[in-house]
Amino acid sequence: MTAKDDLYARYQGAHTAHREHQSACGDCTDTSRCPAGQRLFERFATLQDAYLNRQRPKRR
Ligand SMILES: [Zn+2]
């Protein structure tokens with residue numbers, strides 16, 4: 001497994017954790033998050049940023 005695959009797995013895991021929290025949590029919505037939801041979202045956003053930066057997508 002390469003470092004990139006590991007990053008992708010963590011990015012996907014953070015995405016799933018955030019979505020599962022959001023659907024289970026009564027306080028989290030699309031526009032507001034509870035403290036736990038905010039932490040999950042920030043971890044997901046950080047990993048997504050790192051992953052997408054590494055991908056270097058071509059501009060169309
Ligand atoms: Zn929440």
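## Two crossing helices

Helices α1 and α2 cross in a left-handed way (the near helix is turned anticlockwise from the far one by less than a right angle). This is a predicted model, where local features need pLDDT of at least 70 and side-chain atom pairs count only at pLDDT 80 or more. Residues are numbered from 1 along each chain, and hydrogens and water are left out.

Helix α1 covers residues 3-24 and helix α2 residues 35-55; they pack at about 150°, with axes 9 Å apart. The two are therefore roughly antiparallel (angles over 145 degrees). Residues in contact (heavy atoms within 4.5 Å) include L7, Y11 and H21 in α1, and L40, F44 and Y51 in α2.

## The zinc site

Which residues are the protein donors of the zinc ion? They are H21 (NE2), C25 (SG), C28 (SG) and C34 (SG), at 2.0 to 2.3 Å from the ion. Donors are N, O and S atoms within 2.8 Å of the metal (3.2 Å for Na, K and Ca). Their sequence spacing is H-x3-C-x2-C-x5-C.

The zinc site is tetrahedral, with donor angles of 104 to 114° (four donors, all angles between 85 and 135 degrees).

Note on methods. Axes fitted to C-alpha atoms, helices over the stretch in contact; angles between N-to-C directions. Helix = DSSP H or I, 4+ residues; strand = E, 2+ residues; numbered from the N terminus. Parallel < 35°, antiparallel > 145°, perpendicular 65-115°, else oblique. Tetrahedral: all angles 85-135°; square planar, octahedral: opposite > 155°, others 65-115°.
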